[in-house]
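User: Could you take me through the backbone of this model?

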Amino acid sequence: MANSKYEYVKSFEVEDEIMLPNIIVVNIDGRDFSRFSEMHEFMKPNDKRALELMNDCAKMVSEQFPDIIFSYGFSNEYSFVFKKETNFYQRRASKIFSLIISYFSSVYVTKWKEFFPQTEMRFPPSFQSQVISCASMEVLQAYLAWRQRECHLSNQYNTCLWELIRNGKSGKEAEEILKGTHKQDKNELLYEGFNINYKEQEAIFRQGTCILKTEVQHIVKYNKDGSPVQRLRMKAIKVHSKNIASRSFWNDYLCLCRELGQFAEDVNKIKPDYVKSFLHGSKMMPSTWIVIRIDGCHFHRFSDVHEFEKPNDAQALNLMNSCAVGVLEEFRDIVFSYGVSDEYSFVLKKESQLYQRRSSEIVSAIVSLFSSMYTIKWKEFFPQKELKHVPYFDGRAVCYPTSEILLDYLAWRQVDCHINNQYNTCFWMLVKSGKSKSEAQNYLKGTQSQEKNELLTQLSGIIDYYNTLPLMFRRGSSVFWHMHDDEKMANRGNEPVRKCCKVVVEHCNIIEKSFWEAHPDILGEKLSCWKPLRCTFPSDSHHLTRRVTCCDCEVSKFARYDNLSPLEQPSTNCL
């Protein structure tokens, strides 16, 4: 990120490193998957295709991130266990879980057609995530035992529920019949009422699925005589086990014992409250502005592989903007967002109680939805290009106590946009003129803004060339809710005109106070005391470029447990 006078705002960022020797576990859980499964007509109580899709996504995550040594999943949830000594992204919790959930979300979309070739994805799937910091192997063992017990209990309950419904009971009647029943009662109901032996159900339903790494011989080349040269390589495999927390299962796999450790004894009693005490996360400070900043991971390589135009690809930027619009439409607590290149910042209102202000739930939900939307919308913006690599992002949450500091944060990002874009425009113009990349870098080293402007004029033959570039390149994109009169109501004579909301995308100067004075409803506060720091910014600051999308005044499109973390939500088997 470029240097600017606004960089003091970085001091509000808080590191969330998980210290050694804690074992890192990332749990992801489907967000509003009850509705997702209904909309896509998943079979009840289990859809094997949907479960295998989850398993395939988990396997790809394990292959993408080598430090993940073991994974366990059922229904619409998965837990990823990192090797004990991992330094994956320096053990920062927010970066770890956001990368995992982003990659998982994008893969879920890309693999959808493999498992549901006849079903169109009707809306983007999204997940929530959090980190469990296991202080010892005993805590990890208790966690895995707890999750597998949840798999069994939820599957047994849902199997009974849906058999009762299929045989004429209403949902409420079925729930009433099952109220207060124990495991044995449910087994007897299934066997005597429906001739189903629960123990003969497929293991994927009853036991969940494990993805673990094992060493296999891999052919790396062939000798001159045709004989293969083999090396040991780690390979992800899927297995099912009745008790994944038992010594007999765990200690049979050398890679698990080597990278994590052994289980000393079997778990006799599962205590969920004990395990929940190791959940890593915190609530954001009340009455502060929450900013969620997401940033593309390895997007230099991603843009090269997909041959984005340099230094700016308008379609790629419009794709990012479209995803941001979708995020605002889904999370009504987001009042403003600003994006540039492969980065976006989302501002939640001061009084927001989204997910009870728990940072991991907020960050993961936004990153996940953004990632799946990016993958879904790819063909809309690049109809002639295949998506060759999975796009994924990392994210973090930062609190800013006052509107003045929040606006300085946004000014920092826009100044950064200008500095980087001016440099990149010069760099790529030099490269296209015949210089190598290293020559272009050396040529620009130490140059100031005015010198870059003169260089652009010289290379292009156009006076003040930089200011002729599209505003989206120079200023980034601002996305926010805009109040307007309902045109349908305005045409009905004396009837009172209703106010309506719509999301707009603008490319404007958000450093100047005039923008915020023109849109007082964004922050809902007077800004008389705020004075922006002095900086140089391109001219024509009052010119706006607006794109209006989707007027939607409904409170929410998706019903969900916004105030519950994934591991606190009711145990249901959506699949």
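The exchange below covers the overall make-up and then some backbone details.

User: What sort of model is this, and how are residues numbered?
Analyst: This is a predicted model, in which local features need pLDDT of at least 70, side-chain atom pairs count only at pLDDT 80 or more, and totals for chains, interfaces and linings use all residues. Residues are numbered from 1 along each chain as its sequence is written, and side-chain values use heavy atoms, with hydrogens and water left out.

User: How many helices and strands?
Analyst: The chain has 20 helices and 14 strands; these are DSSP runs numbered from the N terminus, helices being H or I with at least four residues and strands E with at least two.

User: What share of the chain is buried?
Analyst: Of the 575 residues, 54% are buried, meaning under 20% relative accessible area, with exposed over 50% and partly exposed in between (1.4 Å probe, protein chains only).

User: Where is the cis bond to Pro21?
Analyst: The cis bond runs from Leu20 to Pro21, with omega near 5°, and Pro21 is in the segment before strand 1 (23-30).

User: And what about Lys44?
Analyst: Lys44 is joined to Pro45 by a cis peptide bond with omega about 0°. Pro45 lies in the loop between helix 1 (33-39) and helix 2 (48-64).

User: Switching to phi, what is the value at Ser75?
Analyst: Ser75 is not a glycine, yet its phi is positive, about 50°. Ser75 sits in the loop between strand 2 (68-74) and strand 3 (77-82).

User: Is Ser75 buried or exposed?
Analyst: Ser75 counts as buried because its relative accessibility is 6%.
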